[in-house]
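Reader: I'd like to go through this model and ask how each label is earned. Can you show me the structure before we start?

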Amino acid sequence: MGLYMVKKLILSIPLLFVISFLTFILINLSPMDPAEVVLRAQEVPQITEELIAQTREALGLNKPFLNQYTDWLLACLQLDFGDSYVTGESVWSLIGPAFLNTLKLTLVSSAAIIVLSIVLGVNCALREGTLVDQSIRGMSFLLTALPSYWLASIMIWYFSVKLDLLPTSGMESYASYILPVTVISVGYIGIYFRNVRSSMLNQLNEDYVLYGRASGLSEKKITLHILRNSLQVAVSIFCMSIPIILGSTVVIENVFAWPGLGRLSVKSILSRDFPIIQAYVLILAVAFVLFNTVSDIINAALNPKLRKEF
Amino acid sequence: MNMLEVRHLKVWDQKSHNVIIHNSSFQLKAGQCLAIVGESGSGKSVTCRSLMRLNKPGIQQSGEIVFKGEYLNQLSDKEMRKRRGRNIGMILQNGMRAFDPSSVVGVHCKETLREHFGWSKSEIEEKMTKAMERVLLKHPMELLNKYPYQLSGGMLQRLMIALALVLSPDIIIADEPTTALDTISQFEVVEQLMGLRESTGCSMLFVSHDLGVVQKIADEVLVMRHGEIVESGTTQAVFSEAQHPYTRYLVSTRRELGANFNMMMQEDNMC
Ligand SMILES: Nc1ncnc2c1ncn2[C@@H]1O[C@H](COP(=O)(O)OP(=O)(O)OP(=O)(O)O)[C@@H](O)[C@H]1O
Ligand SMILES: [Mg+2]
């Protein structure tokens with residue numbers, strides 16, 4: 001198992017290199033000279049050839065391409081993503097706290113998604129075809145179909161404005177989490193609990209369930225075995241959904257004025273603040289690779305056959 | 001004395017109102033082996049599951065199941081669960097699928113024995129080791145720490161028998177325990193099942209396609225077809241003077257197929 005983990009982690013390294021390289025050339029795809037972009041972003045009144053040349057020198061843009069890349073990569077590894085074109089502050093000082101805020105929102109939402117999907121999925125599977133099962137499935141269908149910005153507005157109107165129970169925006173207290181987390185989770189729960197439910201139902205027909213029951217094991221014990229076997233598919237999806245949520249909080253963060261990556265990235269895109277966009281893309285890409293690897297490792301822990309093949 | 005008596009067992013599918021077992025009545029005498037034979041889909045497995053009240057959801061049953069004078073069909077779920085494994089045990093056809101694929105096989109044994117006897121880990125290990133050696137499974141402790149896919153079908157079958165040895169139930173229901181195995185493993189498993197009967201004195205309900213094995217192991221035979229018992233009697237009577245044409249057909253076709261197995265058994269008897 002330990003060996004498997006090490007192998008998986010090592011295998012992800014080349015992928016990370018490719019990603020970082022693609023992120024780096026992103027900036028060179030821009031039709032404008034980066035030096036010019038910087039100068040414009042800083043609202044320099046008169047952009048002369050001389051000024052551009054100076055800036056190019058300062059940004060290291062005259063060095064050979066590969067050197068630029070390695071310099072940039074080494075800096076990134078030390079969390080030095082350069083300075084914002086607009087404010088001149090270091091990118092990390094802007095993106096670090098924003099990333100942390102988004103990560104908090106993502107992790108709380110993921111936890112809610114995982115717990116509720118499993119609870120609902122297991123209960124529906126054990127009560128297949130009953131009123132409970134049918135009504136939960138019906139309701140989830142409805143909730144999944146709602147667009148998140150609409151749900152967000154309705155919830156703000158009802159819980160914050162009408163009942164005055166929850167804060168409308170920002171992240172001042174734990175209560176601030178409730179609305180955004182609900183809006184993010186609802187759609188995912190609607191999908192994943194069905195996933196858990198159907199794989200549980202498949203497992204219920206397996207012989208080991210019959211043998212367990214015929215041996216007099218308690219339903220609780222048997223359910224745990226079933227759950228463990230049905231989680232394999234769900235785990236991959238859960239793990240993959242974490243970076244997806246991380247990247248898709250843009251709408252929610254803007255609705256709830258959550259000081260996170262989503263808001264920062266929109267702002268940076270509008271002002272062409274390339275270093276921030278670059279760091280944003282890099283962080284998300286790395287998160288994808290890492291969570292993918294983590295899901296492989298968890299699956300291997302759940303399924304002994306997977307482990308053997310390595 | 002009857003260990004188990006089944007009266008007017010009827011099993012049907014609630015949704016389609018399709019009747020699977022029409023009206024089965026039979027007895028399993030103490031210490032005896034009753035075989036159920038019949039073509040695929042005739043309702044053998046459903047009969048076995050009904051006795052333990054383990055039909056799939058949506059499958060309904062009625063009729064009386066009397067175990068040692070106790071009406072199993074009237075027991076609460078909790079009481080019924082206590083009988084399963086401890087009083088009535090089951091051995092399944094496909095060992096590979098009978099154990100949770102993502103746990104080592106020892107987990108099932110441990111959980112079962114803990115449920116019924118509340119034994120400690122070392123007690124369980126000691127009893128399992130002894131029983132596994134009895135069914136000729138070598139290196140018991142290593143084996144218990146393997147996953148099902150790491151073992152062969154025959155080994156898993158013998159592990160189920162070993163667990164039954166420890167549980168020592170009054171009745172063993174073996175639903176085609178040898179069908180999924182090659183001839184050599186079949187032979188070993190049948191030997192062990194006979195050993196199990198000898199050492200625990202249990203009664204056995206033995207479902208099989210293989211009339212050769214049935215002839216060797218069973219005292220009495222039920223022949224099922226389309227959810228009905230078409231013939232029953234002592235093994236000898238059924239095999240030599242079958243009344244129902246279906247039984248005669250079964251006996252004549254299966255005699256040839258069972259020849260292999262009989263040869264091995266005879267060789268074994270000679271040694
Ligand atoms: N879950 C179920 N729902 C509906 N019908 C079922 C179900 N399980 C079994 N049946 C029906 O019951 C009949 C008997 O099935 P059963 O599994 O008992 O046959 P069998 O005699 O054990 O056959 P085999 O030799 O193939 O194991 C089949 O015709 C099948 O259609
Ligand atoms: Mg069957």
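Reader: Good. What makes a backbone N or O atom of Gly41(B) a polar contact of ligand 1?

Author: Keep in mind that this is a predicted model. A backbone N or O atom of Gly41(B) sits 2.8 Å from an oxygen atom of ligand 1. The cut-off for a polar contact is 3.5 Å, so the pair counts.

Reader: Which side chains have an N or O atom that passes the same test with an oxygen atom of ligand 1?

Author: Lys44(B) has a side-chain N or O atom 2.8 Å from a ligand oxygen, and for Glu176(B) the distance is 3.1 Å. Each value is within 3.5 Å, so both are polar contacts. As for cover, the protein hides 64% of the 630 Å² of accessible area that ligand 1 has on its own.

Reader: How do you know which residues are around ligand 1, and which come nearest?

Author: A residue is taken as near if one of its heavy atoms lies within 4 Å. There are 14 residues around ligand 1, and Ser40(B), Gly41(B), Lys44(B), Ser45(B) and Val46(B) come nearest. Helix α1 of chain B, residues 44–51, gives the largest share of that shell, 3 residues. By type, the shell splits into 3 nonpolar, 6 polar and 5 charged.

Reader: On to the two chains. Why is the pair Arg97(B) and Glu206(A) called a salt bridge?

Author: The closest N and O atoms of Arg97(B) and Glu206(A) are 3.6 Å apart. The limit is 4 Å between a side-chain nitrogen of Lys or Arg and a carboxyl oxygen of Asp or Glu, so the pair qualifies. Across the interface of chain A and chain B the rule finds 1 salt bridge.

Reader: What else makes up the interface between chain A and chain B?

Author: On the polar side, 9 residue pairs are in polar contact, both partners at pLDDT 80 or more. In chain A, α9 (207–214), α10 (219–247) and α14 (304–308) each supply at least two residues of the side touching chain B. The largest share there comes from α9(A), with 7 residues. That side of chain A divides into 7 nonpolar, 7 polar and 8 charged residues. In total, 22 residues of chain A are in contact with 28 residues of chain B. The two chains bury about 2400 Å² between them, 58% of it on carbon and sulfur atoms.

Reader: What makes Lys82(B) and Glu79(B) a salt bridge, and where do they lie?

Author: Their closest N and O atoms are 3.3 Å apart, within the 4 Å limit, so the label holds. Both lie in helix α2 of chain B, residues 77–83, 3 residues apart, about one turn of the helix. Over all chains, a search of the whole structure finds 19 salt bridges.

Reader: And how many helices and strands does chain A have?

Author: Chain A has 14 helices and 0 strands. Its C-alpha atoms fill a box of roughly 85 × 55 × 30 Å along the principal axes.

Terms used
Residues numbered from 1 in each chain as written. Chains lettered and ligands numbered in written order. Predicted model: local features only at pLDDT ≥ 70, side-chain atom pairs only at ≥ 80, totals over all residues. Heavy atoms only, no water. Contact = heavy atoms within 4.5 Å. Buried area = accessible area lost by both parts, 1.4 Å probe. Polar contact = N/O pair within 3.5 Å; in protein donor to acceptor, adjacent residues only side chain to side chain. Helix = DSSP H or I, 4+ residues; strand = E, 2+ residues; numbered from the N terminus. Nonpolar A, V, L, I, M, F, W, Y, C, P; charged D, E, K, R; others polar. Areas by Shrake-Rupley, 256 points an atom, 1.4 Å probe, with all protein chains shown as cover.
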